[in-house]
Amino acid sequence: DDSVSARVAAYFYALGVEDDNDPIPQTSALLAEMTECISYFAPPADPPSYAMQVFSITNAMSAVFRSIQNADENSREELFETAVDQLEEWATEFSEYGYIALSALALATDDSPQLYSGISRVQNIILDGSDMFETEDVKLLCTCMVAARLSQTTDARVVDLLDSVEKSIERHNG
């Protein structure tokens, strides 16, 4: 039913809205609610409705990552891995929506080195599941979101390396 899918999309959008007055939910509770809701998504007939579903999932994954960031620093990597596990199950059960969620979670992450292995895992899940995509467009979207995330990290490392070399040269010439 399109109206149920639209309500779920609206809910996912609402999850992504930051409100300093609202407490950030725990990752497990957030994923449990979302798992209950994602099953109501049905591929719509029109591209704009599908785009709204995709963007609502992307927005909701930002909320998931905020909940991970809000957790104790020692548990962030484990929470991220747990989220990836849950979303990998979505990919099995809900196909493209799960892959979109995985890619969006990877895109939402920050440059924490402790999350890099999880992001690489998402990349491998997307690449290994490339035959599972119903459309080439969604496959490319997911691949590009993960590539965008990985290139952000690479750029940061390159900039840090260049800054280090520049400081070394300045000290040597100084």
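A polar contact, as used here, is a pair of N or O atoms within 3.5 Å, where one must be able to donate a hydrogen and the other to accept it. With that in hand, here are my notes on this predicted model.

1. Let me start with S5, a residue of helix α1. The backbone nitrogen of A42 lies 3.1 Å from a polar atom of the S5 side chain, and that side chain also reaches the backbone oxygen of Y40, at 3.0 Å. Beyond four places in sequence, the residues that S5 touches are Y40, F41, A42 and Q53. Is S5 buried or exposed? Its relative accessibility is 5%, so S5 counts as buried, the cut-off being under 20%.

2. Now the helix that holds S5. The 15 residues of α1 should span 21 Å at 1.5 Å a residue, and the end C-alpha atoms are indeed 21 Å apart, so the two values agree. Its buried residues are V4, S5, V8, A9, F12, L15 and G16. These cover an arc of only 140 degrees around the axis, which puts them on the same side of α1. An α-helix has 3.6 residues a turn, so residues three or four places apart point the same way. As for what covers the buried residues of α1, the list includes α2 and α3.

3. Helix α2 (residues 27-38) can be read in a similar way. Its 12 residues should span 16 Å at 1.5 Å a residue, which agrees with the 16 Å between its end C-alpha atoms. Which residues of α2 are buried? They are T27, L30, L31, M34, C37 and I38. Their arc around the axis is only 125 degrees, which means that they sit on the same side of α2. The partners they pack against are α1 (2-16), α3 (47-70), α4 (76-94) and α5 (96-108).

4. Stepping back to the whole protein, I count on your patience for a few totals. There are 7 helices and 0 strands, giving the pattern α-α-α-α-α-α-α along the sequence. Of the 174 residues, 37% are buried. The accessible surface comes to about 9900 Å², with 53% of it belonging to carbon and sulfur atoms. Among contacts between residues at least 6 apart in sequence, 76% join residues at least 24 apart.

5. The interior deserves a look of its own. In soluble globular proteins, nonpolar side chains tend to be buried together. Here the largest nonpolar core has 45 residues, and those with the most contacts inside it are F12, M34, I57, M61, V64, L102 and L105. At least two residues of this core come from each of α1, α2, α3, α4, α5, α6 (116-128) and α7 (136-173). Which helix gives the most to the core? That is α3, with 9 residues.

6. L102, one of the residues with the most contacts inside that core, is worth selecting on screen. Leaving aside neighbours within four places in sequence, L102 is in contact with V84, L87, E88, A91, V122, I125 and I126.

7. One last backbone detail: S95 lies in the loop between α4 and α5. Its phi is near 55 degrees, a positive value in a residue other than glycine. S95 has 15% relative accessibility and therefore counts as buried.

Definitions and conventions
Residues are numbered from 1 along each chain as its sequence is written. This is a predicted model: local features need pLDDT of at least 70, side-chain atom pairs count only at pLDDT 80 or more; totals for chains, interfaces and linings use all residues. Side-chain values use heavy atoms; hydrogens and water are left out. Helices (H or I, at least four residues) and strands (E, at least two) are DSSP runs, numbered from the N terminus. The expected span of a helix is 1.5 Å times one less than its number of residues. Buried means under 20% relative accessible area, exposed over 50%, partly exposed in between (1.4 Å probe, protein chains only). The arc is that of the directions from the helix axis to the C-beta atoms. Contact means heavy atoms within 4.5 Å. A nonpolar core is a set of buried Ala, Val, Leu, Ile, Met, Phe, Trp, Tyr and Cys residues joined through side-chain atoms within 4.5 Å. Accessible areas come from the Shrake-Rupley method with a 1.4 Å probe; for residues, only the protein chains shown count as cover.
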